[in-house]
Amino acid sequence: MEVTFQFDWAAAFRSIPHLLPGIPWTLLISFGGLAIGFIIGIVFGLMRISPSRLIRWPAVVYVEVFRGTPILVQVLFIFYGLPQLLGSPINALTAGIAAIAVNSGAYISEVVRGGVQSIERGQREASLSLGLSRTQAFRYVIWPQAFRRMIPPLGNQGIISIKDTSLFSVIGVGELVRQGQIYIATTFTALEVYFMVALMYLAITWSLSLLLRQLEKRGLVGQ
Amino acid sequence: MTQNENATAPIVRMEQVNKHFGSLHVLKDIDLEVAPGEVVVIIGASGSGKSTLIRCINGLEEFQEGHIEVDGNELTPHGKSGQALQKIRTEVGMVFQQFNLFPHLSVLDNVILAPMKVRGWSRADAMETAERLLARVGISDQAAKHPNQLSGGQQQRVALARALAMEPRLMLFDEPTSALDPEMIGEVLDAMRELAREGMTMIIVTHEMGFAREVADRVIYIHQGEIAEQAPPEQIFDRPCDERTRSFLARVLKH
């Protein structure tokens, strides 16, 4: 049987310069959102292990809400819904960063909580028995160990969030997928272009994987 | 603040201390005084409350009734002791069954952390003390290593040096050799023996009866959360008065 359609490598390569402008947007939304998400994660993650129910509760609610709803709904809510509430529009970049931040923040809270709780009780007891305050015990003994254990799941979340930004093409932010869609609209080369788009995501996530593996290797010395 | 009026005033005084854990009565009316320089060994079956007792002294466990005074600082029930607890922990060192060294820090950093952060010593001062203590427990050539690169016996000796670096007035030992391979028990006991000889006040929970007999000024037998008997080692081991002590010793000394 004849092959009726050929993968057109020339078309694929021609699309590259049109897709590249999407990469900075993808990176900006991912890493901007993740940076804020990391701060949110630390705050809510630590709140979740507080002995006080009053502190614990808001964190529980936060995690359940933002982990339990789709990120696509979250970004649509922020981009289309919130402006109705605020009375002023939110630009697509801000909405994208905010969506990654609140969404990854919920997952990172769990990573932080799990990391801190995984440290043996004896570490805290030894610290306190030496006269360190609870804050010092956390800062010098618990957190450095917990953070090392958090690196692999944090990397995992980073990769998930990078891929999640592809959904933000729906609000028109000019990230990778959006650039691809615009280009396809004039060339009708969907197969080649989405293939290149996928390769670009892979290049980004794979670089992050390699970086994390290096970090882990270095961080785990002496564990 | 009350200070010791004379050398014989007890460094630890527990009065009618009771601890419950749910429906379990873990410590029952504990009265205990320990004089400066005294070496007290606590023996008893597992689950008898002996570890809980010494963990109450530095506030790692709360108690519900009674009171505990350590070197003039008073601990109150339900863990509401605040500043006094902080002072006690600064003056009381502890060695744990599982060593509990900080795995992310080098041996040296394990030892200098508390002197620098709690006592506010300079790094140079803390290092000088740490090097002296590590030499004393025979670990000086390992100072740059991480704990997981050491044997269990070496780790426990580092833990001892770490506690001593705070220049404690009292040392608590919670089954310090129970997690060690048999061939490493001796080196840890030797380090403790030397410490006792130098006059350190020590409260030791252990199953090493030979060591207890040799080092203790007084042996306390705890049975189901109560002090069943306390006496000099010769008396406890050779002529125990209490039937419960006798049957416990018969069981542990058999092999």
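# A guided tour of the predicted model

Start by selecting B:Arg136 and B:Glu198, whose side chains form a salt bridge with the closest N and O atoms 3.0 Å apart. This pair ties together distant parts of the chain: B:Arg136 sits in helix H4 of chain B (residues 123–136), while B:Glu198 belongs to the loop between helix H6 (182–197) and strand E8 (201–205), and the two positions lie 62 residues apart in sequence numbering. Colour both by accessibility and you will find B:Arg136 partly exposed, at 30% relative accessibility, and B:Glu198 also partly exposed, at 46%. Keep in mind as you go that this is a predicted model.

**Next stop: a bridge within one helix**

Stay in chain B and select B:Arg246 and B:Glu243. Here too there is a salt bridge, with 3.2 Å between the closest N and O atoms. Why are these two separated by about one helical turn? They are three residues apart in helix H9 of chain B, which covers residues 243–253. B:Arg246 counts as partly exposed because its relative accessibility is 39%, whereas B:Glu243 has a relative accessible area of 51% and so is exposed, the cut-off for that class being over 50%.

**Over to chain A: a network of charges**

Now select A:Arg67 and A:Glu64. Their side chains meet in a salt bridge, 3.5 Å from N to O. Show helix H3 of chain A (residues 53–67) as a ribbon: the two residues are three apart in this helix, so about one helical turn separates them. A:Arg67 is partly exposed at 33% relative accessibility, and A:Glu64 is partly exposed at 44%.

Side chains of opposite charge can pair when their charged atoms come close. To see how this pair in helix H3 extends, bring up A:Glu110, A:Arg113 and A:Arg48 as sticks. Together with A:Glu64 and A:Arg67, these residues form one network, joined by salt bridges that share partners. If you would like to hunt for others, the total over all chains is 21 salt bridges.

**Into the largest pocket**

Turn on a surface and look for the largest pocket, which has a volume of about 1000 Å³. Which residues should you centre on? Those nearest its centre are A:Arg121, A:Glu125, B:Arg55, B:Leu60 and B:Glu61, out of 43 lining residues. Several elements give two or more residues to this lining: from chain A, helix H6 (121–129), and from chain B, strands E1 (12–21) and E2 (24–34) along with helices H1 (50–57) and H2 (83–91). Helix H6 of chain A makes the largest contribution, with five residues. Colour the lining by class and you will count 20 polar, 13 charged and 10 nonpolar residues.

**The second largest pocket**

Now move to the second largest pocket, which holds about 580 Å³ of space. Zoom in on A:Ile49, A:Val116, A:Arg124, A:Arg134 and A:Phe138, the closest to its centre among the 15 residues that line this pocket. Helices H5 (92–117), H6 and H7 (134–164) of chain A each give two or more residues to the lining. Which helix gives the most? That is H7 of chain A, with five residues. By class, the lining of this second pocket divides into eight nonpolar, four charged and three polar residues.

**A pause in helix H5**

While helix H5 of chain A is on screen, select A:Ser104, which lies in this helix. Buried or exposed? A:Ser104 has a relative accessible area of 0%, so this residue is buried. Then draw a distance from its C-alpha atom to that of A:Pro83: the two residues are 21 apart along the chain, and the separation is 22 Å.

**Last stop: a nonpolar patch**

Finish on the surface of chain A by selecting A:Trp9, A:Phe13, A:Phe195, A:Leu199 and A:Leu202. These five side chains make up a nonpolar surface patch with about 520 Å² of accessible area together. Helix H1 (9–19) and helix H9 (190–219) of chain A are the elements that give two or more residues to the patch, and H9 provides the largest share, three residues. For a closing close-up, pick A:Phe13, which lies in helix H1 of chain A. With a relative accessible area of 52%, A:Phe13 is exposed.

Technical notes: Residues are numbered from 1 along each chain as its sequence is written. Chains are lettered from A and ligands numbered from 1 in the order in which they are written. This is a predicted model: local features need pLDDT of at least 70, side-chain atom pairs count only at pLDDT 80 or more; totals for chains, interfaces and linings use all residues. Side-chain values use heavy atoms; hydrogens and water are left out. Patches are made of residues with over 30% relative accessible area and no salt bridge: like charges are joined within 9 Å, nonpolar side chains (Val, Leu, Ile, Met, Phe, Trp, Tyr) within 5 Å. Accessible areas come from the Shrake-Rupley method with a 1.4 Å probe; for residues, only the protein chains shown count as cover. A salt bridge is a side-chain nitrogen of Lys or Arg within 4 Å of a carboxyl oxygen of Asp or Glu. Helices (H or I, at least four residues) and strands (E, at least two) are DSSP runs, numbered from the N terminus. Buried means under 20% relative accessible area, exposed over 50%, partly exposed in between (1.4 Å probe, protein chains only). On a 1 Å grid over the protein atoms alone, a cavity is a set of points where a 1.4 Å probe fits but cannot get out, and a pocket is an open set with protein on both sides within 12 Å along at least five of seven lines; lining residues have an atom within 4 Å of a point. Grid points are joined across faces, edges and corners, and a volume is the space filled by probe spheres set on the points. Ala, Val, Leu, Ile, Met, Phe, Trp, Tyr, Cys and Pro count as nonpolar, Asp, Glu, Lys and Arg as charged, and the others, Gly among them, as polar.
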